[in-house]
Amino acid sequence: MSGLQAFVDEKPKVAAVCESEDSTTEGNASPRLLVEARDAAPPDGGLVAWLQVAAAFVLYGNTLGLINTFGVYQRYYETDLLKEYSSSDISWIGSIQTWFLMTVGVFIGPLYDAGHCRTLLIVGTVFVSLGFMLTSISTAYWSVFLSQGVLTGLGASFLAIPSIAIVPPYFKPARRALAMGTATLGSGLAATILPIVFQSLQPAIGFPWAVRVQGFISLATCLFAVIVARPRYAQNAKKRTFRTLFKGAKLKDPQFILYVASIFFNNLGFFEPLFYLEGYAELHGGAGLPVTKYLLAILNASSIFGRLVPSALSKYIGIMNAFIITVFLSSASIFYWISASNIAGNTSFAVLYGFFCGGVVAFAPVVLTSLTEDLSYLGTRLGVLNIFKGIASVIGAPIGGAILESGGGYLGMQLFSAFSVLLTAVFASILQLMIVRSTKRTGQ
């Protein structure tokens with residue numbers, strides 16, 4: 001039987017996972033030995049493993065990729081469809097989309113760990129596609145808010161946890177960063193291509209059909225993920241309850257709490273450049289220039305390289321050290337944005353911020369896997385993390401918009417974004433010190 005036929009005939013596998021909290025496996029082995037045995041189990045490559053990377057790739061494109069394209073919609077709504085509304089009002093559409101993407105994960109994560117990946121993917125595919133179709137016929141703020149903000153965001157939330165959790169159990173730690181970094185390229189590629197697709201099609205065929213084309217793209221790519229996804233579950237996945245999952249995920253672990261705090265501040269400042277870069281550039285040397293409307297695409301294209309290069313460097317300097325450096329440079333690039341007074345400066349910022357924020361996106365889930373002893377609880381931890389990511393994401397861009405319109409101007413918005421991301425580096429550095437001290441105490 002060929003490798004491809006073997007994959008087609010294969011059913012979702014049960015991972016060789018033994019849990020320390022709610023395992024049905026009997027024996028005298030310690031939790032540490034069970035975890036190590038679990039880490040030895042991944043195939044660390046092969047057709048099925050890399051198809052999971054491909055599935056995660058397209059799912060990233062339909063979650064973070066979609067969210068990161070809202071900047072072009074923001075600009076279109078400000079100048080055409082919803083021009084009677086303020087920038088802050090319009091940014092709530094993108095923010096609520098992000099909020100649903102993140103916060104619903106507290107329910108999606110445990111459902112994933114309990115063995116319901118395929119159901120989540122099917123529901124997410126339907127909601128995202130339907131959200132695009134309803135957006136295409138929307139003409140009022142409330143209808144755009146419900147279709148693009150709520151429905152598309154809700155659909156993306158069903159896809160987000162599987163996009164992250166499906167890959168790590170297939171790879172050993174040494175190759176996990178590369179595999180997960182490759183998967184995250186999907187969001188960068190989608191966020192690069194989709195704005196260009198919209199901006200090219202909208203003048204030619206109109207807003208409704210430009211949006212529908214994106215809906216059909218999402219439908220086709222999500223169906224691919226539904227077909228090839230083969231999650232590796234814990235031995236007793238179907239018997240798990242929310243109570244046992246939340247208990248086993250060790251949500252009170254100080255290292256996990258610090259990690260959540262760091263990601264909260266990153267999301268608080270992450271989206272402002274994506275939402276307001278084009279508007280800032282038009283007022284600072286880019287008015288009327290063709291390149292201005294492609295700045296978001298340039299930023300997202302740069303993020304593709306940012307997801308691979310830092311992942312490769314982490315092999316030599318460690319995942320946490322690489323994460324801290326990347327976050328710090330992401331903040332530094334936003335501080336640099338303040339000085340951009342012409343199109344060259346804005347383009348340079350798009351390249352720099354795209355590169356470093358892409359690295360942050362790639363590293364964030366890898367850091368969490370390194371802090372999670374039992375990956376069969378990864379979905380639950382991701383779900384809880386996403387609550388705080390969602391809160392930060394839903395308030396970040398509107399706060400930036402409010403600062404912009406209340407007298408703080410672009411400078412106030414840029415400083416808010418830069419210092420928020422800088423706090424991520426601070427909390428990540430404290431977490432690294434805690435890990436080093438813990439390692440010294442245990443002698444590992």
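Let's start at one residue. T135 touches Y77, S147, Q148, F207 and V211, not counting residues up to four places away in sequence. Contact here means heavy atoms within 4.5 Å.

Some ground rules. This is a predicted model, where local features need pLDDT of at least 70 and side-chain atom pairs count only at pLDDT 80 or more, while totals for chains, interfaces and linings use all residues. Residues are numbered from 1 along each chain as its sequence is written, and side-chain values use heavy atoms, with hydrogens and water left out.

Back to T135. It is found in helix 8, residues 117–136. Helices (H or I, at least four residues) and strands (E, at least two) are DSSP runs, numbered from the N terminus. Is T135 buried or exposed? It counts as buried, at 2% relative accessibility. Buried means under 20% relative accessible area, exposed means over 50%, and partly exposed is in between, with a 1.4 Å probe and protein chains only. The C-alpha atoms of T135 and L151 are separated by 9.5 Å, and the two residues are 16 apart along the chain.

Now the partner, Y77. Leaving aside neighbours within four places in sequence, Y77 is in contact with F70, L82, K83, I90, I93, T135, V144, Q148 and F207. Y77 also belongs to the largest nonpolar core, which has 114 residues. A nonpolar core is a set of buried Ala, Val, Leu, Ile, Met, Phe, Trp, Tyr and Cys residues joined through side-chain atoms within 4.5 Å. Which residues have the most contacts inside this core? They are Y73, Y77, Y259 and F323. Helix 17, residues 343–371, gives the most to this core, with 13 residues.

Zoom out to the whole chain. The secondary structure comes to 19 helices and zero strands. Of the 444 residues, 58% count as buried. Take contacts between residues at least 6 apart in sequence: 86% of them join residues at least 24 apart.

Next, a helix pair. Helix 10 (residues 173–205) and helix 15 (residues 295–317) pack at an angle of about 175°, with their axes 7 Å apart. Axes are lines fitted to C-alpha atoms, for helices over the stretch in contact, and angles run from 0 to 180 degrees between N-to-C directions. So helix 10 is roughly antiparallel to helix 15. On this scale, angles under 35 degrees count as roughly parallel, over 145 as roughly antiparallel, 65 to 115 as roughly perpendicular, and the rest as oblique. The contact includes G181, G188 and P195 of helix 10, and N300, S303 and R307 of helix 15. By class, the contact has eleven nonpolar, ten polar and one charged residues. Ala, Val, Leu, Ile, Met, Phe, Trp, Tyr, Cys and Pro count as nonpolar, Asp, Glu, Lys and Arg as charged, and the others, Gly among them, as polar.

Helix 7 is next, residues 105–113. Seven of its nine residues are buried. Those are G105, V106, I108, G109, P110, Y112 and D113. Just after helix 7, G115 takes a positive phi of about 100°.

N386 connects to that region. It lies in helix 18, residues 378–405. N386 is buried, with a relative accessible area of 3%. It is in contact with L101, M102, T103, G105 and I161, leaving aside neighbours within four places in sequence. N386 and G109 are 277 residues apart in sequence, yet 9.4 Å apart in space, C-alpha to C-alpha.

Also in helix 18 is I403. I403 is partly exposed, with a relative accessible area of 21%. It touches G408, G409, G412, M413 and F416, not counting residues up to four places away in sequence.

Two residues from helix 11, residues 207–228. S218 lies there, and so does T221. Which is S218, buried or exposed? S218 is buried, with a relative accessible area of 2%. T221 counts as partly exposed, at 24%. S218 is in contact with N62, L66, V128, S129 and F132, again leaving aside neighbours within four places. T221 touches V58 and N62, on the matching rule of residues up to four places away not being counted.

Last, cysteines. How many disulfides does the structure hold? Zero. A disulfide is a pair of cysteine sulfur atoms within 2.5 Å. C117 is buried, with a relative accessible area of 1%. C222 also counts as buried, at 1% relative accessibility.
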